[in-house]
Structure formats: structure tokens, C-alpha cells
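Here is a brief report on one protein model. It takes one helix as its starting point and works outwards.

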Amino acid sequence: MKYRLGKLSRMSAGLMFVVLSLFCCDCLAQIPASMKYGENVSYDAYFKWGLVLSRAGEAVISCSADDYSVKDAVTCYQMLFKTTKFFDNFFKMRDTLVCHFDSSNRLLYSKKASDEGDYYSIDEVTFKHSEKSVNQSDSKSAEIHSLRYTPKRVRIDTVLRVEGDVADFLGAMYFLRRIDRNRLSSGATYPLTIAIGRALIKMKFCYQNQAIVEHGGRKFNTRYFTLDIYDDTFASPTASAEVWVGDDDNFIPVKIRSKLRIGYAEIYFKSSSNLAHPLDCEVK
């Protein structure tokens, strides 16, 4: 169970569903139009086994101007996740994920610090991008250095290579929010590769339709996506997860649902501050 919940920790970072200051107007113009430096978005996470649906944790995702800690990075995207006191009794989890993007919104470096009570690890992933590949002169490609270590030893130190768009699990949310909702058409797909540890996980966002999400007495107009994820964490690759994104200019995920081998997880929008646009997707 501990091993499987470790995988659940990884998923909570990807699906979830991932800081303030501006340092120049030119850099501000480079972030997606749906986002703003200084924004904060909070979520509640629920896990279900059998008929039991319990609030398991909470996450806060923020966006800020980069602090020059990573060369050529202009945007920092960060998520803090922690389990509730109830879940701490049998599986404590404290995750910090940070992504650094350049002015072209390419992920340059990501770091995940994971504290599971009796186990602590850090993942560092560095991305070196190229606009050309050996076989296709106009395609994207990247070389990835993936490092994982604990206080005692290095567990992973490897180099990966990938074609097309690439990110980590938090970067996948950033990727989703860059999609132009005004150009969506049913059946459109958006492929992405997720780099984690030694693995390159293939996935794609598949747009379905408009939908209403209701939770906690609130109602939202959304755009509904399914996610095909080719990884054995999930019960099936087809529609492994679902995402309902607020149908306004912020394009913030309102609900995320993932099917796992041990049940499923649901993540719901809770609150926000300093958004780039009014939260018009909420039906008053």
C-alpha cells in the first residue's frame, strides 16, 4: 500500500492537479494570457476507496516572475501540497514542486521535494531544448537530465531524449492553460510527454465539450477534457483522467478526476486571488 500511495503522490503532483514580483514589462508579456504574476489558486483533494470519499489534502498553485535562479527563465510556477491531519495519521505527504519557464514558455528546470514522513527525496529535471531534430527539421526536441536523490544516496541519474512538447506533471497544467479556448473544437487533441525519473510518459489532452461542474454549493461553466495517459499507475490509458477547465479567460482547472488502480482521486477548485481576469466561469 505504501508503494502504491507513493504513485498516488506522483499523480497528485501531475493532475492537480502546480509567489509574487515583476522584474520587467517585456518578461510579463511572455507568460500565457490566461495567467498573471502574483496569482494564487487553491484546491482541495479527495481520494475515494470503495464508497468512502475523504478530503485528503490541499494544494496552492502560484505564478511569479523568476528570481534569476535559473538561467534564461522568466516565469516560476509552483505548487505546495500537503495531506490533511486525518491522512497524516497513516500517510503523511508534503510536496513542493517548482517549474521554471523561458520566454517561449518552454520548461527549463523543475524540482520536486517530496516528504512522506519516513522517506524524503528530491527530483531535479533539466531540459535542453532544440527546435530541430535529426529526422524533422521543423520539429521540437529536448535532451533531459533527470536526477533523483535522498539524503543518503543518488537513486536516479540519467539522460533522456524526446520529440515534441515535454514537461513534468505540474508543467502539464501550465501547458493546458496555454490552450486557446476560443479555438477549441470537439475531438481536438494536444499531445505531451511527461518526464519523471527514468520514464517518459506519453499523454494527450482530448477536448470533448462544454459542461457544468457543481461542488460545495457552487456552479461553474467549464470546458471538458479527457486525458489519455500511458502509464501503469492508471487503470486504463484511455480517459485515465478528466479535467474541467473554467470557461473564462483565466482557463483555470475547476475539477480534476483520475482513475487509479486503488480507486480514484478528485481535485476541486477552492479559491483564488490576483487572477489575470474576472472569474466569470462561476455561475452566481
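## Helix H4

H4 is mostly covered, with nine of its nine residues buried. This is a predicted model, and H4 spans residues 169–177. The buried residues run from Phe169, Leu170, Gly171 and Ala172 through Met173, Tyr174 and Phe175 to Leu176 and Arg177. The cut-off here is a relative accessible area under 20%. Arg177 falls well inside that class because its relative accessibility is 3%.

The N-terminal end of H4 carries a cap, and Asp168 provides it. A side-chain oxygen of Asp168 sits 3.4 Å from the backbone nitrogen of Leu170.

## The pocket beside H4

H4 also helps to line a pocket. The second largest pocket has a volume of about 250 Å³. Its lining counts 20 residues. Closest to the pocket centre are Asn105, Arg106, Asp165, Val166 and Arg178.

Which element gives the most to this lining? H4 does, with three residues. Strand E6 (120–130), strand E7 (141–149) and strand E9 (166–167) each supply at least two residues, as does H4.

## Arg177 and Glu39

The structure holds 17 salt bridges. One of them joins the side chains of Arg177 and Glu39, at 2.6 Å from N to O. Arg177 belongs to H4, while Glu39 lies in the loop between H2 and E1, so the pair ties together parts that are 138 residues apart in sequence. Both partners are covered. Glu39 is buried because its relative accessibility is 1%. Arg177 is buried too, at 3%.

## Ser34

Ser34 lies in the loop between helix H2 (25–28) and strand E1 (40–49). Is Ser34 buried or exposed? Ser34 is buried, because its relative accessibility is 6%. A polar atom of the Ser34 side chain lies 2.9 Å from the backbone oxygen of Arg177.

Beyond residues up to four places away in sequence, Ser34 touches Glu39 and Arg177. Ser34 thus meets both partners of the salt bridge described above. Its other contacts on that count are Asp249, Asn250, Phe251, Ala276 and His277. Leu275 is 241 residues from Ser34 in sequence, yet their C-alpha atoms are 8.6 Å apart.

## Arg223 and Asp247

Another salt bridge links the side chains of Arg223 and Asp247, at 3.1 Å from N to O. Arg223 is in strand E12 (residues 218–229), and Asp247 is in the loop between strand E13 (241–246) and strand E14 (253–260), so the pair ties together parts that are 24 residues apart in sequence. Arg223 is buried, at 11% relative accessibility. Asp247 is buried as well, with a relative accessible area of 17%.

Which residues are joined into one network by salt bridges that share partners? They are Asp44, Arg55, Glu58 and Lys82.

## Arg55, Glu58 and Thr84

Within that network, Glu58 forms a salt bridge with Arg55. The closest N and O atoms are 2.8 Å apart. Glu58 is partly exposed, with a relative accessible area of 27%. Arg55 is partly exposed too, at 33% relative accessibility.

Arg55 has a further partner in Thr84. The Thr84 side chain reaches the backbone oxygen of Arg55 at 3.4 Å. Thr84 sits in the loop between strand E3 (75–83) and helix H3 (85–88). Thr84 is buried, with a relative accessible area of 13%. Leaving aside neighbours within four places in sequence, Thr84 contacts Arg55, Ala56 and Gly57.

## Confidence

The mean pLDDT of the protein chain is 85. Of its residues, 84% reach 70 or more. Two stretches call for care. Over residues 1–29 the pLDDT stays under 50, although the model has 87 contacts there beyond four places in sequence. Over residues 133–137 the pLDDT is also below 50. That stretch has five contacts in the model beyond near neighbours in sequence.

Where pLDDT is low, the predicted coordinates should not be read in detail. Helix H2 (25–28) falls within residues 1–29, where pLDDT stays under 50.

How values were computed: Residues are numbered from 1 along each chain as its sequence is written. This is a predicted model: local features need pLDDT of at least 70, side-chain atom pairs count only at pLDDT 80 or more; totals for chains, interfaces and linings use all residues. Side-chain values use heavy atoms; hydrogens and water are left out. pLDDT is the predictor's confidence in each residue, from 0 to 100. Contact means heavy atoms within 4.5 Å. Helices (H or I, at least four residues) and strands (E, at least two) are DSSP runs, numbered from the N terminus. Buried means under 20% relative accessible area, exposed over 50%, partly exposed in between (1.4 Å probe, protein chains only). A polar contact is a pair of N or O atoms within 3.5 Å; within protein, one must be able to donate a hydrogen and the other to accept it, and residues adjacent in sequence count only if both atoms are side-chain atoms. A salt bridge is a side-chain nitrogen of Lys or Arg within 4 Å of a carboxyl oxygen of Asp or Glu. On a 1 Å grid over the protein atoms alone, a cavity is a set of points where a 1.4 Å probe fits but cannot get out, and a pocket is an open set with protein on both sides within 12 Å along at least five of seven lines; lining residues have an atom within 4 Å of a point. Grid points are joined across faces, edges and corners, and a volume is the space filled by probe spheres set on the points.
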